[in-house]
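Dear colleague,

I am passing the structure below on to you, and after it you will find a short account of what was computed from it. Please read the account with the structure open beside you.

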Amino acid sequence: MNIRNVSGDLIGGFIGATIALPQALAFGTMTGAGALSGLYGAMFLCLFSGLFGINVPIISGPTGPTAIIIASVYASLGGNVHALWAVLFLASIFQIILSFTKIPNLVKYVPYPVISGFMNGVGVILIILQVAPLLGENGFATPILTFKNFSHILSNINTDAFVIGLFSLGILIYTPKIIKKYIPSEIFAIFLGTLFAWAYKMNVPTISGMTGELPSVVMADFSNIIHLTSLAVMIAIICSTESLMTGLVVSSLTKKKINNQSLIFSQGIGNSIAALFGGISGAGATMRSVAAIRTGANTKFSTIFCGLLILFAIIYCSDIVNMVPMATLAAILIRVGYNIVDTKFLKVIRYAPKEDLIVMFIVFFLTIFHDIIFAVGVGITLSAALFAKQLADRTTLNIKDVENDKITKLEKQLHDESHYKIRVVHIRGEFFFGSASQIISQFEEILGTKHIIICYDSDRKLDISAIFALEDILTRLKSQGVKVYLVLNNEEILKQLDELNLKRQLSNEDIFFEEIDAINKAKESLNLA
């Protein structure tokens, strides 16, 4: 076993645990099932998704979307915690069943505006639901209930809790990046917020119920199985979708291909064990996984180690955890909600096509005021109506080598040994959300080529998914040391790329309107290399 990989996994697992601990406490509390249920969910999901999962560092546990849907389900069950465990166990079984189908592979067809609207909605919901805890009151299960009780919340503000909440939020926002690189700001917020409240004997609600005991099997109530099943399906879809999206990010960072079915299977196993022992369901968490990878994590051992660290905290740190102010957890969730908001899309919203904006805003408002699953379903259906899938089926990527008789024998030898050659890539048909992910995957087959000329043959403007897909293609090729030239059909597309700041990936000298000009430029560059 490689010592460097082991040390990287240990450090990555530790970083993942330091982020997962405070967030699991906060998410568990937010659902109504209790802080301990959040920790149990994070611990069991990390341990068993790591043991049964693919060999990549996916740090799992309760997340914003999963916590919101579980809080909603718990409220609909009238606070019956035994029924909640039944729902979560059924949801995990549905995940395991789902893993034996081809459905997990369909996540790449979800349009970007749907994802953006969903994530923006979840971020705003998280922030709204923390208003009451931040002000020292008990939280409410939905944004609508929070709005209805807003006057009550404002008339019963706990000043001490509000001060602690603002203090914790300030730490989360203003902790220097150089420090956050090694220690997450959430740890500072919990430590200093708790110390501040204890030192000044402030009257603030705190976490309770941490006993330091090992988890035991809980009783589940399956009496209303038909109703529980419908709720379980919703949770299974949310947990699976978020895990698959995290898998896409992890695959991009580690350059490892991920088997989506194996990923969902391991998540289902982890969530089933968590539900048996009173832990709330979760998913692969993007922020925690990225943090672990950037600090050296390379295999699933980091995921298992993260779970072991959380178990250690449950057993030996319960007295400290019980002192953590609820207002500090609210501050952490407000910051999480802000980070979930899709700022990437919002930055270019002025230039996004009208159809994309319609889809994004509809999904956004339905997520907040109606139902998460319904919102995503409407968004996907609407996107399909606006852009027929037949266009994606007609989109092809044609690749051909450019011959150059002037290249020396040595250079020809390099062609054979390292694929050092020029290629022309024609994107034929419509390049939009339905074809963007297919185009990206096809580019993986030609990495290693020295010069690539991308010809976008259509006269149609790109939608926002295609814009980000093209940006991803250019970034990937540049990271592989590939020189890229872009051939467009008209000035309108060039203007669009300029407005969306995509031209920063290419210089003006690398953009052409005639293929032959790009080929000559590539040949010239190759001869000078």
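The model is a predicted one, and I begin with its aromatic rings: counting rings of Phe, Tyr and Trp whose centres lie within 6.5 Å, one arrives at 12 aromatic pairs. One of these is the pair of Phe48 and Phe52, whose ring centres are 6.5 Å apart and whose planes make an angle of 15°. Because planes under 30 degrees apart count as stacked, the pair of Phe48 and Phe52 is described as stacked.

Where do Phe48 and Phe52 lie relative to each other in helix 2? They are 4 residues apart in that helix, which covers residues 35-52, and so about one helical turn separates them. As to their surroundings, Phe48 is partly exposed, with a relative accessible area of 22%, and Phe52 is likewise partly exposed, at 46% relative accessibility. The two residues also belong to a cluster, in which ring pairs link Phe44, Phe48, Phe52 and Phe277.

Turning to the protein as a whole, it contains 26 helices and 7 strands, and of its 529 residues 52% count as buried. Among the contacts with a separation of 6 or more, 82% are made by residues that stand 24 or more positions apart. The accessible surface comes to about 23,500 Å², and carbon and sulfur atoms account for 62% of that area.

With best wishes

Note on methods
Residues are numbered from 1 along each chain as its sequence is written. This is a predicted model: local features need pLDDT of at least 70, side-chain atom pairs count only at pLDDT 80 or more; totals for chains, interfaces and linings use all residues. Side-chain values use heavy atoms; hydrogens and water are left out. Rings of Phe, Tyr and Trp (its six-membered ring) pair if their centres lie within 6.5 Å; planes under 30 degrees apart count as stacked, over 60 as edge-to-face and the rest as tilted. Helices (H or I, at least four residues) and strands (E, at least two) are DSSP runs, numbered from the N terminus. Buried means under 20% relative accessible area, exposed over 50%, partly exposed in between (1.4 Å probe, protein chains only). Contact means heavy atoms within 4.5 Å. Accessible areas come from the Shrake-Rupley method with a 1.4 Å probe; for residues, only the protein chains shown count as cover.
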